[in-house]
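Work through the exercises below with the coordinates open. Try each task before reading its solution.

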Amino acid sequence: MSYLIVLPHIQVENANAISGLTYGFPGITHFLGFTHALSRNVQRSHGLSFNGCGVVCHKHQVQAHRASERGDYYFSLTRIPLTKEAKTAPFNEEGRMHMTVTLFIECEGSILHGDAGARELEQHLQSLCVTQRLAGGTVTSMKPVRVMTLPQNGDELQNVTRREMYRALPGFALVDRSELLAQHVAERRAQDPQVEMIDAWLDFSTITYRAGQQEEGSAQWQYQPKPAKGYLVPLMVGFTPISPLYAAGDVVRTRDTTSPFRFVEAAYGVGEWRSPHRVTDIHQLIWRYPVSTEHYICSHAKPLQEADLTEQDHSDF
């Protein structure tokens, strides 16, 4: 049976505002990591598993400032304590932010004892969430957790989605729009076969002006719109491997010596901040870890089932 778990208005202090090359909001892997940590706990205590989560941001405040209206932004940093030798420690620049988010978690399993079991799970998650780190930040408070059955009927699912999305207002939901990036790459390569993926990605992530018709030695600068409409933003969506998959213990000084190991680097896509009232199906909001042998990319697609994996696929995990 499927359930929907809502963690409403989680207030987080000093979350990580930098994810790879992107800045201003944590990567989606931070939220899926938080969901995975909760899933491992409730799997032991309740026999449930969390398969993905959706993110709605209500407030955000990046800890940065700039000296003038047109100047560059600088992070507001703090000096860390002295070393054991009473010397000044190296100063590592960190990007931090405060934020308030609501998480919608997709849950699989069976909750025992009906409504009483659901209320007990809500209390368990309420106490558990405030002890976890979210995107490296500290959870200071949150509203009461809600657990509900996720209907399979289309009309009932739409009603649940509408009710929960209106509860999430005001705010913006983060949805995957990486298909726009693939489309834009194809369009640019039709004009220039030498165009690379990063060239198309930068079209979504940069503010571009071009000089128009010149008059008397001065240029008329014109803003160039993004390749598609919407509140589109660059987004870190997972990792891509840069090495073979090593057997457990082959690579020294790894934190987990019982699992296979692989070196990876950040992978990027395009996301959209969308008003929750425009989300008509809760599954349009849920980010998941798809099972992939080539890339570890988060998306809205459901993971492959065990029967869909070939013998070669299993050898890579």
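Four exercises follow, on a predicted model.

**Exercise 1. The nonpolar cores**

Task: Find the largest nonpolar core and state which elements give two or more residues to it.

Solution:
- Start with the size. The largest nonpolar core has 44 residues.
- Next, pick out its best-connected members. Ile-5, Leu-7, Phe-31 and Met-99 have the most contacts inside it.
- Then assign elements. Two or more residues come from each of β1 (2-16), α1 (28-46), β4 (49-62), β7 (96-108), α2 (114-129) and β14 (232-241).
- Finally, look elsewhere. Another core, of 16 residues, lies apart from this one. Among its residues are Leu-157, Val-160, Ala-168 and Ile-282.

**Exercise 2. The surroundings of Met-99**

Task: List what Met-99 touches, leaving out residues up to four places away in sequence.

Solution:
- Take the low numbers. Met-99 touches Ile-10, Gln-11, Val-12 and Ala-15, then Phe-25, Pro-26 and Phe-31.
- Move further along the chain. Lys-59, His-60, Leu-134 and Ala-135 complete the list for Met-99.

**Exercise 3. Strand β14**

Task: Decide whether β14 is largely enclosed or not, and identify its pairing with β15 and β17.

Solution:
- Count burial, with buried meaning under 20% relative accessible area. In β14, 7 of the 10 residues are buried, so the rest of the structure largely encloses this strand.
- Check β15 (residues 264-274). It pairs with β14 in the antiparallel sense, over 9 bridges. Thr-240 has Glu-265 as its bridge partner in β15.
- Check β17 (residues 296-297). Its pairing with β14 is also antiparallel, over 2 bridges. Here Gly-238 is bridged to Ile-297.

**Exercise 4. Two helix pairs**

Task: Classify the packing of α1 with α2, and of α4 with α5.

Solution:
- Get the geometry of α1 and α2. They pack at about 135 degrees, with axes 11 Å apart.
- Apply the cut-offs. Angles over 145 degrees count as roughly antiparallel, and 65 to 115 as roughly perpendicular. α1 and α2 are therefore oblique to each other.
- Add the handedness. α1 passes α2 in a right-handed crossing.
- Name the contact residues. α1 contributes Phe-34, Leu-38, Asn-41, Val-42, Ser-45 and His-46. α2 contributes Glu-120, Leu-121, His-124, Leu-125, Leu-128 and Cys-129.
- Repeat for α4 (residues 178-191) and α5 (residues 197-205). Their angle is about 120 degrees, and their axes are 9 Å apart. α4 and α5 are therefore oblique to each other.
- Finish with the crossing. α4 passes α5 in the right-handed sense. Residues that meet there include Leu-181 and Val-185 in α4, and Trp-201 and Phe-204 in α5.

Definitions and conventions: Residues numbered from 1 in each chain as written. Predicted model: local features only at pLDDT ≥ 70, side-chain atom pairs only at ≥ 80, totals over all residues. Heavy atoms only, no water. Core = buried A, V, L, I, M, F, W, Y, C linked by side-chain atoms within 4.5 Å. Buried < 20%, exposed > 50% of the residue type's maximum accessible area, 1.4 Å probe, protein only. Helix = DSSP H or I, 4+ residues; strand = E, 2+ residues; numbered from the N terminus. Contact = heavy atoms within 4.5 Å. Pairing = 2+ DSSP bridges. Axes fitted to C-alpha atoms, helices over the stretch in contact; angles between N-to-C directions. Parallel < 35°, antiparallel > 145°, perpendicular 65-115°, else oblique. Left-handed = near helix turned anticlockwise from the far one by under 90°.
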